[in-house]
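Student: Please take one part of this protein and go through it closely. I would like a connected account rather than a list.

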Amino acid sequence: MNNLIIIGGGRFGRFTRCLAEVCQFKVLGFADDTMSPGTIVDDLPVLGNTEILDELQTKHQAQLIICISHMAKRKALAKTCAAQNLTLATLIHPTVIQYPRSKIGKGVVIQPYSVIQTGAIIENNVLIEESSTIGVDVLIGENSVLAPHVVVTGGTRVEKNCFIGSNTTINPDLHIAAHGLIGSGSTVIRDTEANSVFAGAPAKKIR
């Protein structure tokens, strides 16, 4: 059984702990910048902050997983882990259907009842919440977060550092530009712009 330290002791981290245990990891605790070391989160301790991730990994012989949804912090942590050559776990719930010829990177979290169809590419540090569908030949760029019940249909490219809100459908062969946010309940029928927020059905740029 591999040891695991979860980066982020909030809701995402607590939820991911359950997945990690299903995946036969021994969760030792959390690394969190908002809580003091020794703070107890659901019966597990905060072991330290994100400035000592290399020390925590070495001391506990543990893999790490990034469980923070704030996109700028998520990106910065991914950069830190890569620069320090830290080992990231990949957590895929047993109910996930992953078709042949799909690819999943390092540090990825895929929650229950999601579907990864053939030819799909999930890059590093992506979080896919429950009951989401990633269509044929879809790309999900690094550090992106997909909330529950997201459908990304065939051929679409979601670039890096995007947040897709729950119950969103993205039509085929679209380009979701980097650093974008799609509001919950949206239906995306055209390409989006980088560093922008789109929402609605059909989705429109709101800022």
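Tutor: What follows looks at the interface between the two domains, and then at one residue at the end of the second.

The model is a predicted one. The domain assignment of the protein chain places domain 1 at 2-84 and domain 2 at 90-196. Their C-alpha centres are 23 Å apart, and the contact draws on 16 residues from domain 1 and 21 residues from domain 2. About 1,500 Å² is buried between domain 1 and domain 2, with carbon and sulfur atoms giving 71% of that area. Of the area that domain 1 buries against domain 2, Leu19, Met71 and Arg74 supply 35%, more than any other three residues.

Polar links can be counted too. There are 0 salt bridges between domain 1 and domain 2, while 2 residue pairs are in polar contact across the interface. On the side of domain 1 that touches domain 2, helix H1 (11-22), strand E5 (62-66) and helix H3 (71-83) each supply at least two residues. H1 gives the largest share of that side, 6 residues. By class, this side of domain 1 has 12 nonpolar, 2 polar and 2 charged residues.

Domain 2 is assigned as 90-196, which brings us to Ser196. Ser196 sits in the loop between strand E22 (187-188) and strand E23 (197-200). Ser196 counts as buried because its relative accessibility is 5%, and the cut-off for buried is under 20%. The side chain of Ser196 reaches the backbone oxygen of Ala194 at 3.1 Å. Leaving aside neighbours within four places in sequence, Ser196 is in contact with His179, Gly180, Leu181, Lys205 and Arg207.

Conventions. Residues numbered from 1 in each chain as written. Predicted model: local features only at pLDDT ≥ 70, side-chain atom pairs only at ≥ 80, totals over all residues. Heavy atoms only, no water. Helix = DSSP H or I, 4+ residues; strand = E, 2+ residues; numbered from the N terminus. Buried < 20%, exposed > 50% of the residue type's maximum accessible area, 1.4 Å probe, protein only. Polar contact = N/O pair within 3.5 Å; in protein donor to acceptor, adjacent residues only side chain to side chain. Contact = heavy atoms within 4.5 Å. Domains from an automatic or database assignment. Buried area = accessible area lost by both parts, 1.4 Å probe. Salt bridge = Lys/Arg side-chain N within 4 Å of Asp/Glu carboxyl O. Nonpolar A, V, L, I, M, F, W, Y, C, P; charged D, E, K, R; others polar.
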